[in-house]
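This report looks at one helix pair and at two backbone positions in a single protein model. Please read it alongside the coordinates shown below.

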Amino acid sequence: MANQPSPASRALLWVIENNNDEEYLVENIDQQKRSLGALARTDWLERIFKLRQHGSSVKIELIAGLTTFVTMAYIIFVNPNVMAAAGLDHGAAFVATCLGAALGCLLMGFYANWPVGLAPGMGLNAFFTYTVVGEMGYTWQVALGAVFLSGILFMIMSLSRIREWLLNSIPMSLRFAMGAGVGLFLGLIGLKTAGIVVDSPATLVTMGSFGEPSALLAAICFLLIAVLSHRNVFGAILLSMLIVTGIGWSMGLVEYGGVVSLPPSLAPTWLAMDIAGALNVGMISVVLAFLFVNMFDTAGTLMGVAHRANLVDENGKIENLSKSLKADSTSSVLGSFVGCPPVTSYVESASGVAAGGRTGLTAVTVGVLFLLATFFAPLAGMIPAYATSGALIYVAMLMMSGMAHIDWKDITDTIPAIITVVMMPLTFSIANGIALGFVTYATLKLLTGQRKKVSVSLYVLCVIFIAKFAFL
């Protein structure tokens, strides 16, 4: 009994224990509220993106989105430099690049629920600047009008069976050749911009001097990207560009302008497209070039990513393929509003898929990161042309891989493909390369008794291209 607590002590212990219970209860309620809040957010994401159905989670999708963004973030430095060469304001082109990419990614994520990042197309931006504006002499506003019209045509095709009809009408050899040709064209531009290849009155082109810092640093950037990519270094292209920019700064070739600031004004490029000017007959081949390259590049990228992301069912049907094509085509139209060349799906999205991305939350993450990137305009302005040239040359090499899929045993397939690939850089025009390849293909098939292998639509396109060469 001596060890028994007194009534007063028992009352005090009861109060203490009761208070502890109340504190514990309050703490439990707070934890439950936080858990319910997190669960509500997860349920919202689950309803939109069907994460569990695709065997994914919010954490995995966010990591995949970051991975995809880093692998394609080089475009926010490369595209403004290319577009500025066409006369666009560099700051506005930078913001347009980020916004065009963000709009495309958000549309692809929320509407199609695909883990695919979008941005202004490499090769198409070079065609925009160096062919349509530079060689053909159109203003960049008219070129944007052509981008808008090609996007509208792509949308119409995506909403109907015309897309399937046209896709099936173009032979596989020419589809692969177009991608490889764009790559070779892009590579020539990178070499030319860096000064590695220069013009020559005697031989047309010749080797530049590696004694020039720009040529040497561009070559270093290219080799560094190749080495880091081979070693699977995270963000190899972006990292290499920043390293070479740092080297240029140490040599006094780059002026430090800061890293972060408020986004520049978009006013110089906002709704600046000249649609009436793009309705010129001479722009038909330009609009078709934008359309064909974008359409076939998109189809190839989306189907490749679909297989890697397990978006193909047991019957071979690709989940939401129609929606993804609609999202891609709509992105090009929206991109032209802000001042972008055609916005297209990026093959770099495969890196995010490899990191576990399976739903549109990956694409939405990429889109949000592109929006945040608008605050890094000073850094984009510091990236020199030789750094972007190294990236152009490397991407060009990757695009050339399509040549491996061409049937080299049938010369009526091989010759048109080679003409398409070679004539794009030699005529400095994607449109001319496509036109010459198509006409050669139809002519060879017709004269070798294989006219049934040429679709009606291809014959119609050949007539249009021949008329262009004859009268324009």
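In which loop is Lys50 found? In this predicted model, Lys50 lies in the loop between α1 (7–49) and α2 (58–72). Its phi is near 55 degrees, a positive value in a residue other than glycine. Lys50 counts as partly exposed, because its relative accessibility is 37% and that class covers values between 20% and 50%.

Asn113 is likewise not a glycine and has a positive phi of about 55 degrees; it is found in the loop between α4 (90–112) and β1 (118–120). Asn113 is buried, because its relative accessible area of 7% falls under the 20% limit.

The two positions are set side by side here.

| Residue | Phi | Loop between | Relative accessibility |
|---|---|---|---|
| Lys50 | near 55 degrees | α1 (7–49) and α2 (58–72) | 37%, partly exposed |
| Asn113 | about 55 degrees | α4 (90–112) and β1 (118–120) | 7%, buried |

The helix pair consists of α3 (residues 75–84) and α5 (residues 124–135), whose axes come within 9 Å and cross at roughly 15 degrees. That makes α3 roughly parallel to α5, since angles under 35 degrees are counted in this way. The crossing of α3 and α5 is left-handed.

Which residues of α3 and α5 meet? From α3, Ile75, Asn79, Val82 and Met83 take part, and they meet Asn125, Ala126, Phe128, Thr129 and Tyr130 in α5. Sorted by class, this contact of α3 with α5 holds six nonpolar and three polar residues, and no charged ones.

Notes:
Residues numbered from 1 in each chain as written. Predicted model: local features only at pLDDT ≥ 70, side-chain atom pairs only at ≥ 80, totals over all residues. Heavy atoms only, no water. Axes fitted to C-alpha atoms, helices over the stretch in contact; angles between N-to-C directions. Helix = DSSP H or I, 4+ residues; strand = E, 2+ residues; numbered from the N terminus. Parallel < 35°, antiparallel > 145°, perpendicular 65-115°, else oblique. Left-handed = near helix turned anticlockwise from the far one by under 90°. Contact = heavy atoms within 4.5 Å. Nonpolar A, V, L, I, M, F, W, Y, C, P; charged D, E, K, R; others polar. Buried < 20%, exposed > 50% of the residue type's maximum accessible area, 1.4 Å probe, protein only.
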